[in-house]
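Here's a quick tour for anyone meeting this structure for the first time. Have the picture open as you read, and take the topics one by one.

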Amino acid sequence: MSRDDAATHTDDRPTPVLEARRLTKSFGHVRAMVDADFELMPGEVLAVIGDNGAGKSTLVKALSGALIPDQGEILLEGHPVHFRSPLEARGQGIETVYQDLAVAPALDIASNLFLGREIRRPGLLGTLLRVVDARAMRTEAKHQLDALGVRIPDVRQPVESLSGGQRQSVAVARAAAFGTRLVIMDEPTAALGVRESGMVLDLIRRISGRGLPVVLISHNMPQVFDIADRIHIHRLGSRVAVVSPRTHTMADAVAIMTGAATPDEVGGRSHFDERAGRRDRPGVQGEPTSRALPGPDGATDHGLPEQESPR
Ligand SMILES: Nc1ncnc2c1ncn2[C@@H]1O[C@H](COP(=O)(O)OP(=O)(O)OP(=O)(O)O)[C@@H](O)[C@H]1O
Ligand SMILES: [Mg+2]
């Protein structure tokens, strides 16, 4: 067994569904990712939090083929992958709701839902001429949206005629309908009202209930603490800790996220250790401490503000 293998598979913990090691990506002088690690375990809801500009979206894009990292490796169920486009990642069952490029605005809702996997007409029309079966796609789109509780009056509407929140719902529904291995959502509730945000959280629970792991990037701490099994904290381009809502408060997480505290200065025990059973870079994953665990009501700590970027 190589050193690398030994670092990841020394015990009987399950193989991560998706894993990244030491991803690095620069845009000119901006180092958006610096040795970023990532691990998504089977069946979990993993939240990714971090300040504006911390590199969360860059990480998501690298994991889903929307950008190619300069360095580092990505493993899907233990096997190295090199996605060159989001379509390739989707072909492997990874569905992503991007923060900035959720849908194709000029197309109707049904076409958006089936983007890249259109239903073709039966017979030669479909196989030879690749004619899409618009009616079948509309019926199926309606079925999918209904099943997911997304209320949209007419699936023939172009997406550009929808509100921001409705567009985001379509993107989320698409991911939920087609994700077969995992679903990644980059701030899916940022443009949503209270009811719609609740709906997306329900959707995440339902996806998770189907056994699919979900990655949720969010600035909304109450949502994160409500829904996540583990919380990956990103800071200045890399993962600095993985904590659990059961052992850490929102204040702990925000302190680590902003650099006000190091992982070992805040209370709690790293969920990373508990679940994944390793600490390959001491301190980085959040060292366990001998301090008393925060009380359960610590998690309702002061409505935490959206963090302003210090930069
Ligand atoms: N295509 C790009 N070209 C140049 N710089 C980029 C590009 N994409 C990201 N960056 C820079 O990389 C850094 C990380 O950006 P990223 O979008 O990943 O942050 P984020 O954590 O998702 O932030 P937010 O919470 O605001 O969405 C930022 O400084 C950003 O300006
Ligand atoms: Mg982002």
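Before we get going, one bit of vocabulary: two residues are in contact if their C-beta atoms, placed from the backbone, lie within 7 Å. What you're looking at is a predicted model. The protein has 11 helices and 10 strands, and 43% of its 311 residues count as buried. Among contacts with a separation of 6 or more, 66% come from residues 24 or more positions apart.

**The six-stranded sheet**

- Six strands make an open sheet with mixed pairing, and their order is 6-7-8-3-9-10.
- Its edges are strand 6 (94–97) and strand 10 (238–243), each of which pairs on one side only.
- Ignoring direction, neighbouring strands here are turned by 20° against each other on average.
- At one end of that order, strand 6 runs parallel to strand 7 (residues 182–186), and four bridges link the pair.
- If you want a landmark for this pairing, T96 stands opposite I184 in strand 7.

**Helices on the sheet**

- Helix 2 packs on the sheet and touches strand 3 (45–49), strand 6, strand 7, strand 8 (214–217) and strand 9 (230–235).
- The direction of helix 2 makes about 150° with that of strand 7.
- Helix 10 (residues 250–258) lies across strand 3, strand 9 and strand 10, and the angle between helix 10 and strand 9 is about 25°.

**A closer look at strand 7**

- Strand 7 is mostly covered, with five of its five residues buried.
- In a regular strand, side chains alternate between the two faces of the sheet.
- Which residues of strand 7 are buried on each side? L182, I184 and D186 are buried on one side, while V183 and M185 are buried on the other, so both faces are covered.
- Strand 7 also pairs with strand 8, again in the parallel sense and over four bridges.
- In that pairing, V183 stands opposite V214 in strand 8.
- Put helix 8 (residues 194–209) together with strand 7 and strand 8, and you get a right-handed β-α-β unit.

**Strands 1, 4 and 5**

- Strand 1 (residues 18–27) and strand 4 (residues 71–76) run antiparallel, joined over five bridges.
- Here R21 stands opposite E73 in strand 4.
- Strand 4 is also joined to strand 5 (residues 79–81), by three bridges and in the antiparallel sense.
- In this second pairing, I74 stands opposite V81 in strand 5.
- Strand 4 and strand 5 form a hairpin with two residues between the strands, and in this hairpin E77 takes a positive phi near 45°.

**Around ligand 1**

- Which residues surround ligand 1? They are F27, V30, A32, G50, N52, G53, A54, G55, K56, S57, T58 and Q99.
- Two elements give two or more residues to this shell, namely strand 2 (30–40) and helix 2 (56–63).
- Helix 2 gives the most, with three residues.
- By class, the shell has four nonpolar, seven polar and one charged residues.
- Helix 2 is worth another glance, then: besides its part in the shell around ligand 1, helix 2 packs on the sheet.

Definitions and conventions
Residues are numbered from 1 along each chain as its sequence is written. Chains are lettered from A and ligands numbered from 1 in the order in which they are written. This is a predicted model: local features need pLDDT of at least 70, side-chain atom pairs count only at pLDDT 80 or more; totals for chains, interfaces and linings use all residues. A residue is near a molecule or strand if its C-beta atom, placed from the backbone, lies within 6 Å of it. Ala, Val, Leu, Ile, Met, Phe, Trp, Tyr, Cys and Pro count as nonpolar, Asp, Glu, Lys and Arg as charged, and the others, Gly among them, as polar. Two strands pair if DSSP finds at least two bridges between them. Axes are lines fitted to C-alpha atoms, for helices over the stretch in contact, and angles run from 0 to 180 degrees between N-to-C directions. A residue is buried if 20 or more other C-beta atoms lie within 10 Å of its own, exposed if 12 or fewer, and partly exposed in between; C-beta atoms are placed from the backbone. A crossover is right-handed if, with the strands pointing away from the viewer, the path from the first strand over the helix to the second runs clockwise.
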